[in-house]
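Student: I should like to examine this structure through a few questions on its helices and strands. May we begin once it is displayed?

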Amino acid sequence: MPKILFENQGGVGYITMNRPDAMNALNEALLGELLEVLRHCEGNQDVRVVVLKGNGRAFCAGGDVRWMLASQTDPAWPAGIHALGGQLNQVIMLLRNLTQPTLASVHGFAIGAGFSLALACDLRLAAAGTKFIQAYANVGLSPDGGSTYFLTKLVGSAKALELIYSGRTVEAKEALALGLLNEVTAAEDLAEKTAQLAGRMAKGPAVAYSQAKKLVYEAHQRDLAELLALEQEAIVTTTLSRDFREGLAAIAAKRKPVFEGR
């Protein structure tokens, strides 16, 4: 059974983690297939938005505890966990660096590295009652998957450390208030709301989106003068796109633009 399912629906690439019996816990096979499908999406003009979601009753339960229990006494354990962490790091970097907008559609549980996967996406939509847990300290581990980076950027160091130290459950309503989510919706509406949001973005100006995404993330590490220069270069790039010409033509014709994503 494939551990990752992929479907392109009208320019929206739906990536579904598919270990429902293990709450989509991350193992070598799942991460390997996830890397493969993310590389397929990278630079693919037929995929204008990427949606990451989970099959079954959870988005992702993080690391595979059953594998950890079976492997922790193996002399090869340090090398195995290091290799798995390397796979996870590649996934996080690919998710973050895709030129397309990325959306995490989260339900049930997002625990540990599953929480990190959601944070690595540009936008996060969650079903009411979804539980987000930085569970590392609960089992004596330090965070991985970029949790320390993303949480610090989104909520500041004090709140990030509170969530990490406590390992407490953050329900969707609190996650929204903290700025970790863009929207919370009824569980039965999550798929429809995800499709609506992703569908709107898939019809948008892909070149402008990719430049905006790059600029927003560069803002974390650039001063104002540097970012202004990057914005200046980016807007020149977008003026050379077909979408910009279509946008101008639509204004002149007093109609809605139909963007090609090029």
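Student: In this predicted model, what is the orientation of H9 and H10 to each other?

Tutor: Helix H9 (residues 206–218) and helix H10 (residues 224–239) pack with their axes 10 Å apart, at an angle of about 170°. Angles over 145 degrees count as roughly antiparallel. The two helices H9 and H10 are therefore roughly antiparallel.

Student: How do the residues of the contact of H9 with H10 divide into nonpolar, polar and charged?

Tutor: From H9, the residues taking part are Val207, Ala208, Gln211, Leu215 and Glu218; they meet Leu227, Leu230, Glu231, Ala234, Thr237 and Thr238 of H10. The contact divides into 6 nonpolar, 3 polar and 2 charged residues.

Student: Which residue in E6 is the bridge partner of Ala104?

Tutor: Strand E4 (residues 102–106) has 5 of its 5 residues buried, with Ala104 on one side alongside Thr102 and Val106. E4 runs parallel to strand E3 (residues 49–54), joined by 3 bridges, and there Leu52 stands opposite Ala104. E4 also pairs with E6 in the parallel sense over 4 bridges. In E6, the partner of Ala104 is Arg124.

Student: Is Leu123 buried, partly exposed or exposed, and what is its relative accessible area?

Tutor: Leu123 lies in strand E6 (residues 123–127) and touches Thr102, Leu103, Ala104, Asn182, Leu197 and Met201, leaving aside residues up to four places away in sequence. Of these contacts, Asn182 is 59 residues apart from Leu123 in sequence, yet their C-alpha atoms are 6.3 Å apart in space. Buried would require a value under 20%; Leu123 is therefore partly exposed, with a relative accessible area of 25%.

Methods: Residues are numbered from 1 along each chain as its sequence is written. This is a predicted model: local features need pLDDT of at least 70, side-chain atom pairs count only at pLDDT 80 or more; totals for chains, interfaces and linings use all residues. Side-chain values use heavy atoms; hydrogens and water are left out. Axes are lines fitted to C-alpha atoms, for helices over the stretch in contact, and angles run from 0 to 180 degrees between N-to-C directions. Angles under 35 degrees count as roughly parallel, over 145 as roughly antiparallel, 65 to 115 as roughly perpendicular and the rest as oblique. Contact means heavy atoms within 4.5 Å. Ala, Val, Leu, Ile, Met, Phe, Trp, Tyr, Cys and Pro count as nonpolar, Asp, Glu, Lys and Arg as charged, and the others, Gly among them, as polar. Buried means under 20% relative accessible area, exposed over 50%, partly exposed in between (1.4 Å probe, protein chains only). Two strands pair if DSSP finds at least two bridges between them.
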